[in-house]
Amino acid sequence: MNIGRAELGAVRLEELRFDNRYGRLPPAFYTRLAPTPLPDPYLVAFNPAAAELIGLAAEEAQRGEFAEIFCGNRLLPGFDPLAAIYAGHQFGVFVPELGDGRAILLGEATAAQGAWDLQLKGAGQTPYSRMGDGRAVLRSTIREYLCSEAMHALGIPTTRALAIVGSDQPVIRENVESAAVLTRMARSHVRFGTFELFSSRRQHEHVQTLADYVIERHYPQLREADEPYLELLRAVIARTAQLIAQWQAVGFCHGVMNTDNMSILGLTIDYGPYGFIEGFDWGHVCNHSDHSGRYAYNMQPRVAHWNLYCLAQALLPLFEVEQAQSALEAYEAQYERHYLALMRAKLGLATEQGEDAALIKDLLQLLHQDRIDYSNCFRRLANFDSAHGAGNAALRELFADGAAYADWLARYRTRLALEQSADGARKARMDRVNPKYVLRNYLAETAIRKAADERDYSEIERLTLVLSRPYDEQPGMQAYAEPAPQWASALAVSCSS
Ligand code: AMP
Ligand code: MG
């Protein structure tokens, strides 16, 4: 049977339909402007899974127009490009005016399952560029593309990536690199900092307008609530608590948890110097420029709470201080509950026992002592033979301290016995929540070097594919689950992107 495009719901570029409700907010919210053209653009990466979300046919990426459109050189009918303004606390310091300094919102692609913002990142200067050139480099777009799709596959809320378009235009960072534009998709790009901007300017009517917009578009169930704005705060607190618990459980460090990088939808947004923990370290700092360790791994839950205080403060004209206070007090318990549930699942525990928190913490302490590979340890723990009390050799070899390891394993065995855990079923459960494949820095770096040095983009595609099924064994792909090789041990990532 010949199934046409229309039946599949996949359309050509020209057939995409756009709206831009953000562009109907008051002019104080943005500046309308077109992207700055980029010379001789070419396609570097295309993500059919994201295209499907907006109903775009995958073959459309083959057309020359695709690269022209998704670097900002050519506008589709219905695009309404604009740069949004926001503020934010950067490393604890309030910066009264930030904004899309290099990102341009093209509009919302109206799709069957709801609209998606399409945003070009690296599309040229805007009134909010400050000292920046408005560009992104190929390296940073590849890092964002790979990680946002990896996070999605892990089940962690995130912005998505549709495509990367490159150009040979040089861009100066620590070295000269080449320019690229990432097309990012999200239900919303509104940040905590968007509220902070209007609040700091005492434009309370705009705070309310923005809150109404966010509720209308993203939290419509709150419209009828007695206190919709307070409920909005509560909803953002709940989503953020869940998000951060997911980060902690998978060992993800964001690197720059400024309030302008915190999504009102609880999405992981603005991938910069992020990292997945490899050798476990409570105090791991993935951002080379974060000298004080403000955004270290073990700080993330507290920083998110602090950021939520900033959001609540910005929303204050809309409810009483005491109401905000009690909403904020709920965060810690919510976070702990999510985290504990996720960690129990990582250990394959089906029931809840009072001792679980200590069991988890003590395992992590062992990992910390020897900087043991976080993902591989949980993956190998799934093969633990509880009947014989023996750890497998692959697990045992991770631990330098044999006695402490044996001690912990004995406790784990007793705990499993308490719920009459069956090894087979436990392994199946654990393998569904403990990823075998995470985006280790050196894997991203390998894909970047091939792309930048050899114009070979195949590794981006291969890696995206492997990371799209992080919980599957994927025979033949074992190399992607290995810890960093010697050459990559000193890799550093910073804010420069
Ligand atoms: P980030 O740390 O990437 O979230 O960026 C913080 C702020 O700096 C945001 O407002 C960005 O838009 C802006 N920014 C970052 N890089 C550039 C650049 N190359 N050109 C203009 N603005 C930038
Ligand atoms: Mg940002």
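**How many nonpolar, polar and charged residues does the shell around ligand 1 have?** The split is 2 nonpolar, 7 polar and 7 charged, with Gly counted among the polar ones and Asp, Glu, Lys and Arg as charged. This is a predicted model: local features need pLDDT of at least 70, side-chain atom pairs need 80 or more, and totals for chains, interfaces and linings use all residues. Residues are numbered from 1 along each chain as its sequence is written, ligands are numbered from 1 and chains lettered from A in the order written, and side-chain values use heavy atoms, leaving out hydrogens and water.

**View 1. Who sits around ligand 1.** In total, 16 residues surround ligand 1 (a heavy atom within 4 Å). Gly 99, Gly 101, Asp 133, Gly 134 and Asn 261 are the closest. Strands β4 (82-90) and β5 (93-99) each bring at least two residues to the shell; strands here are DSSP E runs of at least two residues, numbered from the N terminus.

**View 2. Polar contacts of ligand 1 (N or O pairs within 3.5 Å).** A polar backbone atom of Gly 101 lies 2.8 Å from a ligand oxygen. On the nitrogen side, a ligand nitrogen is 3.3 Å from a side-chain N or O of Arg 102, and Arg 173 has a polar side-chain atom 3.3 Å from a ligand nitrogen. Alone, ligand 1 exposes 480 Å², and the protein buries 81% of that (Shrake-Rupley, 1.4 Å probe).

Methods
Polar contact = N/O pair within 3.5 Å; in protein donor to acceptor, adjacent residues only side chain to side chain. Helix = DSSP H or I, 4+ residues; strand = E, 2+ residues; numbered from the N terminus.
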